[in-house]
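Me: I am new to this structure. Could you help me read it, one feature at a time?

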Amino acid sequence: MAEERRFRSAAGLPIALRRRQHSASCRELALRGPRLQLRSLSAATSAVWLAAYGLFAVSENSMVLSAAIFITLIGLIIYLHFVKIDQESLLVIGSLGIQVTSSYASGKESTTFIEMGRVKDVVINEAIHMQKVIYYLCILLQDPEDPQGVSEVVPLFQSSKPRLDCLIEVYRSCQEILEQRKTAPQSN
Amino acid sequence: ENSPAPLPERAIYGFALFLGSWFGFILYLIWAYIPESWLFSLGLTYWPQKYWAVALPVYLLVAVGIGYILLFGINMMSTAPLNSTHTITDNFAKKQQQKKFQEEAIPALRDIPISEVNRMFFLPER
């Protein structure tokens with residue numbers, strides 16, 4: 001069963017959270033950010049081409065125009081492939097682990113899997129980020145030898161940066177699955 | 001002991017500093033404004049170039065301006081990144097001792113782990 005709800009990111013952009021329950025101990029949460037808008041794309045392209053035309057009018061060198069076209073194309077490809085993240089998803093499988101996927105606008109997907117033995121907890125943390133204090137969801141990792149200490153912190157949803165109401169929804173969904181770890185017998 | 005009250009020694013230090021700073025200021029004005037030929041005729045030939053009378057204050061003011069920007073940048077650089085454990089705990093919290101729980105007494109002050117805090121804030125009361 002899938003349900004989708006609309007929220008706002010930390011910057012005010014609309015994002016959509018989709019929750020799917022695959023089984024009793026497996027849940028997928030996907031956050032979709034806003035798509036690349038045609039108006040911002042045309043604004044950036046016109047700005048670059050106007051600047052190039054101004055340079056051409058001053059310097060009478062036609063290479064400036066072809067260089068501007070080239071730069072616009074290459075810049076757009078690089079932006080879509082390396083920068084613009086369309087969807088970030090979290091797949092929590094109770095006995096197995098947590099998988100974090102980022103899908104870029106060009107179709108590229110980058111995936112990280114963390115096994116359940118290394119996961120200590122999924123928490124909402126507050127930290128200072130660029131002159132603001134933001135809430136963000138993160139996975140606390142533990143060393144297998146030292147279950148009391150936190151060895152690493154993996155922040156999630158870095159590019160869509162949801163606000164606290166969305167984070168609380170995701171947190172509750174994850175905690176429902178993580179709580180089953182304590183009640184279920186350890187199988188090793 | 002150490003007290004901020006006025007003392008005779010402090011009055012003397014203050015007056016010596018006051019006289020010294022006035023002397024330094026008058027000396028700086030003499031060096032900057034009196035023409036070189038007059039200083040030479042007095043026998044003072046080995047004073048620094050007058051260029052420095054303008055350059056040093058300018059250096060100081062630019063340094064103060066850059067200091068604002070530098071301090072801002074140092075602050076930003078020493079802020080812990082989002083993926084560091086310093087946002088969650090530190091050495092004092094790791095080494096704290098757990099006091100035994102006593103009935104009817106106020107619990108001792110301690111650093112509560114972030115998982116517990118999250119459960120209290122965000123999970124509905126059972």
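We will go from the helices to the place where the chains meet.

Reply: Happy to. This is a predicted model, so to speak: local features need pLDDT of at least 70, side-chain atom pairs count only at pLDDT 80 or more, and totals for chains, interfaces and linings use all residues. Residues are numbered from 1 along each chain as its sequence is written, chains are lettered from A in the order in which they are written, and side-chain values use heavy atoms, without hydrogens and water.

Me: Where does UniProt place the "transmembrane region" in chain A?

Reply: The unreviewed entry puts it at residues 41–58 and 64–83 of chain A; such annotations may be inferred rather than shown by experiment. Residues 64–83 of chain A are 100% helix (a DSSP run of H or I, at least four residues).

Me: Which residues of α2(A) are buried?

Reply: An α-helix has 3.6 residues a turn, so residues three or four places apart point the same way. Here Val64(A), Ala68(A) and Thr72(A) are buried (under 20% relative accessible area, 1.4 Å probe, protein chains only). They cover an arc of only 85° around the axis (taken from the directions to the C-beta atoms), which puts them on the same side of α2(A). The buried residues of α2(A) pack against α1 (38–59) of chain A, with contact meaning heavy atoms within 4.5 Å.

Me: What is the area buried between chain B and chain A?

Reply: The size of an interface is often given as the accessible area lost when the parts come together. Between chain B and chain A that is about 1800 Å² (1.4 Å probe, summed over both), and carbon and sulfur atoms give 63% of it. In this interface, 18 residues of chain B are in contact with 24 residues of chain A.

Definitions and conventions:
Helix = DSSP H or I, 4+ residues; strand = E, 2+ residues; numbered from the N terminus. Buried < 20%, exposed > 50% of the residue type's maximum accessible area, 1.4 Å probe, protein only. Buried area = accessible area lost by both parts, 1.4 Å probe.
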